[in-house]
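Visitor: Please give me a close look at one part of this model, the aromatic rings. After that, I would like to hear about the surroundings and the chain as a whole.

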Amino acid sequence: MNNASLRHDTAMVHVDWQDGTSSDFPYIWLRDNDPAAFHPQTKERTGDLTSLSLDVLATKIETDGKILTIWWSGDDTISTFDCDWLRSRSPGQRAVDPAHTGFTYWRQELGAAGVPRVVSDDVLNSDLSLKNWLVSTQTFGFSIVEGLANNTQAGMDVARRIGFLRETNFGRTFEVQSKPNPNNLAYTSVALPLHTDLTNQELPPGFQFLHCMANEAEGGGSLFCDGYAIAEDLRLSDPEAFGLLSTISIPFRFHDENTDIRSRKKVINLDEGGQVIEICFNAHIADVLDLDPTLMVRFYRAYRQFMIMTRDPAYLVTLKLKAGEMVVFDNRRVLHGREAFDPQTGFRHLHGCYVDRGEFESRLRVLQR
């Protein structure tokens, strides 16, 4: 910090930094974020915003380039701020989040050989390997873990290196295999078009882990596409369709003898800046559309176009998992599916679980320290 000055006309502290840039800190923001208003161990706020006046006034300011000290009117409060802390939290710019790695959009040309891979022992025994794997998995949206032991615990051990497993109405873990009286198409041998899981949930699960225990049947190749890439291409090629899918929610529902879980979701979800941050697409559990009749045909056209793009080979990456491999993917970004298989020709069994995005990002932040 070069210098700091009080600006009573705007009720801000103006700071000039050594690189020639500057920042403005409103008085009320500085009082609200006084380091003394946070618990020293838990780091949680202990200060009470309602006890502060919105017209709080600073009377004096000093800095040695490393520490900024402010005296406030109306009481004897003196606040001290670390200048590096202030610089990293300048109002008007988002704080740097080590869990935000950015995204690499991909299409067919990525190919099975381009999918990031890691050895399970490395992830289990090295924090550096774990961090690097998390970064690549989030960047591409999916990866493959190799060398897992031949037991269902092995994949869960990798998942738990990240955080708690997400429990759903299918349990904390689930078995993807053909079985009698299925309550989900995944538990059959038919082809599964690309989709994201559990769009009927209030919050669909984040990262999915599918550990291949056996894949000996004819067929059964796994299909993947980058939903973010499809959404961005749709934004350019068909702005009206993109606008409809990113602003209008539709109903999703899963129901069987014991459950009836429903939620409304937009197919394409954006953040405040217009960045695509989530895809919710599952034609199997889409409920009866209840849109206004004047909107229905326009929405169907957009929805159908997105569906067509998910089936375009230009976006597909196909691979056949081997026993001991586990595919890990962001269920709210990467759509997954399966080719039909013949259970009479061999056994196919995947063991699955979920870890939510919040757990994934938390682990990445801690490792980035």
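**A close look at the rings**

Guide: Phe142 counts as buried, with a relative accessibility of 0%; the term stands for under 20% relative accessible area, while exposed is over 50% and partly exposed lies in between (1.4 Å probe, protein chains only). Trp106 is buried too, at 3%. Before we go further, please note that this is a predicted model, where local features need pLDDT of at least 70, side-chain atom pairs count only at pLDDT 80 or more, and totals for chains, interfaces and linings use all residues. Residues are numbered from 1 along each chain as its sequence is written, and side-chain values use heavy atoms, with hydrogens and water left out.

Now to the rings themselves. A pair of aromatic rings is described by two quantities, the distance of the centres and the angle of the planes. Rings of Phe, Tyr and Trp (its six-membered ring) pair if their centres lie within 6.5 Å; planes under 30 degrees apart count as stacked, over 60 as edge-to-face and the rest as tilted. Searching the whole structure turns up 15 aromatic pairs. One of them joins Tyr105 and Tyr228 edge-to-face, with 6.4 Å from centre to centre and 90° between the planes. Tyr105 sits in the loop between helix H2 (83–88) and strand S7 (117–119), whereas Tyr228 belongs to helix H6 (residues 227–237), so this pair ties together parts that are 123 residues apart in sequence. Helices (H or I, at least four residues) and strands (E, at least two) are DSSP runs, numbered from the N terminus. The two tyrosines are covered to unlike extents: Tyr105 is partly exposed at 28%, but Tyr228 is buried at 1%.

The rings of Trp106 and Phe142 bring us back to where we began. Their centres are 4.8 Å apart and their planes meet at 25°, so this pair is stacked. Trp106 lies in the loop between H2 and S7 and Phe142 in strand S8 (residues 142–146), so the stacking ties together parts that are 36 residues apart in sequence.

Rings gather elsewhere as well. Phe25, Trp29, Phe81 and Trp85 make up one aromatic cluster. At another ring, Lys60 lies over the face of Trp71, 4.5 Å from the ring centre; a charge sits over a ring if NZ of Lys or CZ of Arg is within 6 Å of the ring centre and within 35 degrees of the ring normal.

Phe81, from the cluster, leads us to Leu68. With neighbours up to four places away in sequence left out, Leu68 touches Met1, Ala4, Val13, Ile61, Glu62, Thr63, Ser79, Thr80, Phe81, Cys83 and Leu86, a contact being heavy atoms within 4.5 Å. Leu68 belongs to strand S5 (residues 67–72) and is buried, at a relative accessible area of 0%. Gln275, 207 residues from Leu68 in sequence, is 36 Å from Leu68 in space, C-alpha to C-alpha.

Ser222 offers another buried site, at 5%, in strand S13 (residues 222–226). Apart from neighbours within four places in sequence, Ser222 contacts Val317, Thr318, Leu319, Leu321, Gly337 and Arg348.

Let us turn to the loops and the backbone. Most residues other than glycine have a negative phi. Lys43, a residue other than glycine, has a positive phi near 65°; the loop between helix H1 (27–32) and strand S4 (58–63) holds Lys43, which is exposed at 59%. Leu198 has a positive phi near 55° and lies in the loop between strand S10 (192–195) and strand S11 (207–215), but Leu198 is buried at 8%. Asn258, exposed at 73%, is in the loop between strand S14 (249–255) and strand S15 (260–266). Asn258 and Asn169 are 89 residues apart along the chain, with 9.0 Å between their C-alpha atoms.

Finally, the whole chain. Its secondary structure comes to nine helices and 22 strands, and its C-alpha atoms fill a box of roughly 80 × 55 × 40 Å along the principal axes. Of the 369 residues, 47% are buried. Among contacts with a separation of 6 or more, 73% come from residues 24 or more positions apart.
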